[in-house]
Amino acid sequence: MPTISIDTFFACTLMVSVVIISSILLTGTLNAQMASVKDLNQDEYFRALSEYVLLNTGAPANWGSDSTIGPSSFGLAKQGSLRSYELDIDKTSRLNSQNAFALTYPEILTAAGLSDIALGISISQMMNVSISLSANSTSPQSVMYTFRISVSQDGAGVETSLHCYTVARNFLSDSYNSTSADGTGYFDVELPNASNGTALLVVFARAFQDSRITAYGVYSFQHLSSQSQPEDTTFNLSPLNYTLFLNSAYSNFTVENCYAFSYGYQSNLTATSNETYAIPTISETSPMVLVTSASNASTYFINWTDYPQVPLEAGADFQNSESYAFSYLVTIKGTLYNLVLRFGGISP
Amino acid sequence: MNFLRDNRGQIRTIEAIFASILIFSSIALIPSLKNVMNQNDQILSSIARNVLITLDQDGSLSGLIDNGNWTGLSSLVASLLPSAMWFNLTVFDENMQLLNENQISSGTPVSGNIVGTDYVCASPSQNYRIYIVRLQLSTVN
């Protein structure tokens, strides 16, 4: 066999090998490219959807405050707001399943125009306020309770100013305090023996650098009593359109007090009917905590809710499943919150 | 006729065609890699824009710049960003002259991809000054 034939044979073999290998590599890379373009398109689509939900009021624009109507188009922005990412207090409250006027998941999907896409919305406070009872000491007329308050953001302690409210039977007190650089503070309250039963400690924490970063925490405890608190679901409180709606179960009880607390203000709620109370429109940049105490012959209890009803988790649960997540800083009633919109479940 | 029977250059032509295919395929792949990077950039850019809009909503951004309170601005930006995110904020006047003499940053520069977003804000004070704020973000692994 001539040398040139051998040379040609090897050259052809080498070339065919190169072509086959490069084709295989090219196919793999092209598949990756097509997948990435598809991901990019989905990402853009979901991002546009997120922006639409947060920057539009939905239709009708007052669907949040009117409990009799649901949205035909889903949007959470506050009506008439000139600020971006400012959400409506009632629209967000109606996403919370604890609210009696909450939207169902199918209603949210229909209003958002999503048929084959799952949607999840979570809103959380900028800071986490955790409260624990650290000590108590008894005297003949009263009990002194000491609470440990920890304020953190992403797990790191935050130096804040605190405003603490204590509510018990025929007892209401408040005081200002602060947390140190590691986010820890202590609060003492002396409860008289006469006001036995369920007691509630409401703590508001405000970051020094921005008053819009205000969060709250609530701690319920028994004072000289072993009586258990009735189920929250039995005695539901639903704030909407600056009105607090009490569940009909309250009709068997006498409502003793109804309070609204924010970082800087407290107010007694005035009854507008047997089951409704007017919530004051406090313009302060702070969430509100609404506290109701009620009793009958044998039971005394204190129930509470927040307004806006945040933190909340609405829609699909994407735990252990892949989803597109978009995080935003949003403002509700002048207070900053973290909002995450998640999309997933689109057919491949 | 001799010219038609002369096939000595065919294999080189085929080789050139295959080489061209390989080169053009490689070139075609470059935009896809760029797109993948853009997806992460878009997330960072969106976060930066959201933070700057939030800062400017109540006038605190221009207020802190007016007062030259760079420490306050730094802690405020840090409180609005996730802890696992590096940032660097630079403030310019309308002539792009640097205003912050101190670095407004969450620490030493990171080696990862850094995305910057420019934002124009106006001071509501009587001077009506215009500031250009550049926020650079990167994720810390």
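**Loops, strands and the chain interface**

A:Pro311 is located in the loop that lies between β18 and β19 of chain A. The description refers to a predicted model, which scores ipTM 0.76 and pTM 0.83. The peptide bond joining A:Val310 to A:Pro311 is cis, with omega about 15°. A:Pro308 is likewise placed in the loop between β18 and β19 (312–315) of chain A, and a cis peptide bond with omega of about 5° links A:Tyr307 to A:Pro308.

Strand β18 belongs to an open sheet of four strands in chain A, ordered β14-β13-β17-β18 and paired in the antiparallel sense. The edges of this sheet are formed by β14 (266–268) and β18 (300–307) of chain A, each of which pairs on one side only. From one strand to the next, the twist averages 20°. Within the sheet, β13 (residues 254–261) and β17 (residues 288–295) of chain A run antiparallel and are joined by seven bridges. In this pairing, A:Phe261 stands opposite A:Val289 of β17(A). In general, the strands of a sheet pair through backbone hydrogen bonds, either parallel or antiparallel.

Strand β20(A) takes part in pairings of either sense. With β1 (residues 86–87) of chain A, β20(A) runs parallel, and two bridges join the strands; here A:Glu86 stands opposite A:Thr331 in β20(A). With β21 (residues 335–344) of chain A, β20(A) pairs in the antiparallel sense over nine bridges. Across this pairing, A:Ala325 stands opposite A:Arg342 in β21(A). The hairpin of β20(A) and β21(A) has two residues between the strands, and A:Lys333 in this hairpin takes a positive phi near 50°.

Positive phi values are also found in the loop between β11 (237–240) and β12 (243–246) of chain A, where A:Asn241 is placed. A:Asn241 is a residue other than glycine, and its phi is near 50°. Since 15 other C-beta atoms lie within 10 Å, A:Asn241 is partly exposed. A:Tyr242 is found in the loop between β11 and β12 of chain A and has a positive phi of about 55°, although it is not a glycine. A:Tyr242 counts as partly exposed, with 17 C-beta neighbours inside 10 Å.

The surroundings of two further residues of chain A were examined. A:Leu201 lies in strand β9 (residues 197–207) of chain A. A:Leu201 is buried because 21 other C-beta atoms lie within 10 Å, the cut-off for burial being 20 or more. Not counting residues up to four places away in sequence, A:Leu201 touches A:Ile131, A:Phe147, A:Cys164, A:Thr166 and A:Tyr219. Of these contacts, A:Phe147 is 54 residues from A:Leu201 along the chain, with their C-alpha atoms separated by 9.2 Å. A:Ala100, in the loop between α2 (89–93) and α3 (105–112) of chain A, counts as partly exposed with 14 C-beta neighbours inside 10 Å. Leaving aside neighbours within four places in sequence, A:Ala100 is in contact with A:Asn236, A:Ser238 and A:Phe245. A:Ala100 and A:Ser67 are 33 residues apart in sequence, and their C-alpha atoms are 9.3 Å apart in space.

The interface between the chains brings 27 residues of chain A into contact with 25 residues of chain B. On the side of chain A that touches chain B, α1 (3–55) and β20 (324–332) of chain A each supply at least two residues. The most is given by α1(A), with 11 residues. By type, the residues of this side of chain A divide into 13 nonpolar, nine polar and five charged. Strand β20(A) thus contributes to the side of chain A that touches chain B and also pairs with β21(A).

Chain B has an average pLDDT of 83, and 87% of its residues score at least 70. Where pLDDT is low, predicted coordinates should not be read in detail. The secondary structure of chain B comprises four helices and four strands, which run α-α-α-α-β-β-β-β from the N terminus on. Of the 141 residues of chain B, 18% count as buried. Among the contacts in chain B with a separation of 6 or more, 63% are accounted for by residues 24 or more positions apart. In helix α4 (residues 70–80) of chain B, the buried residues are B:Leu73, B:Ser74, B:Leu76, B:Val77 and B:Leu80. Seen down the axis of α4(B), these buried residues fall within an arc of 165°, so they line one face of the helix. An α-helix has 3.6 residues a turn, so residues three or four places apart point the same way.

Technical notes: Residues numbered from 1 in each chain as written. Chains lettered and ligands numbered in written order. Predicted model: local features only at pLDDT ≥ 70, side-chain atom pairs only at ≥ 80, totals over all residues. Contact = placed C-beta atoms within 7 Å. Nonpolar A, V, L, I, M, F, W, Y, C, P; charged D, E, K, R; others polar. Pairing = 2+ DSSP bridges. pLDDT = per-residue confidence, 0-100. Buried ≥ 20, exposed ≤ 12 C-beta atoms within 10 Å, placed from the backbone. Axes fitted to C-alpha atoms, helices over the stretch in contact; angles between N-to-C directions. Arc of directions from axis to C-beta.
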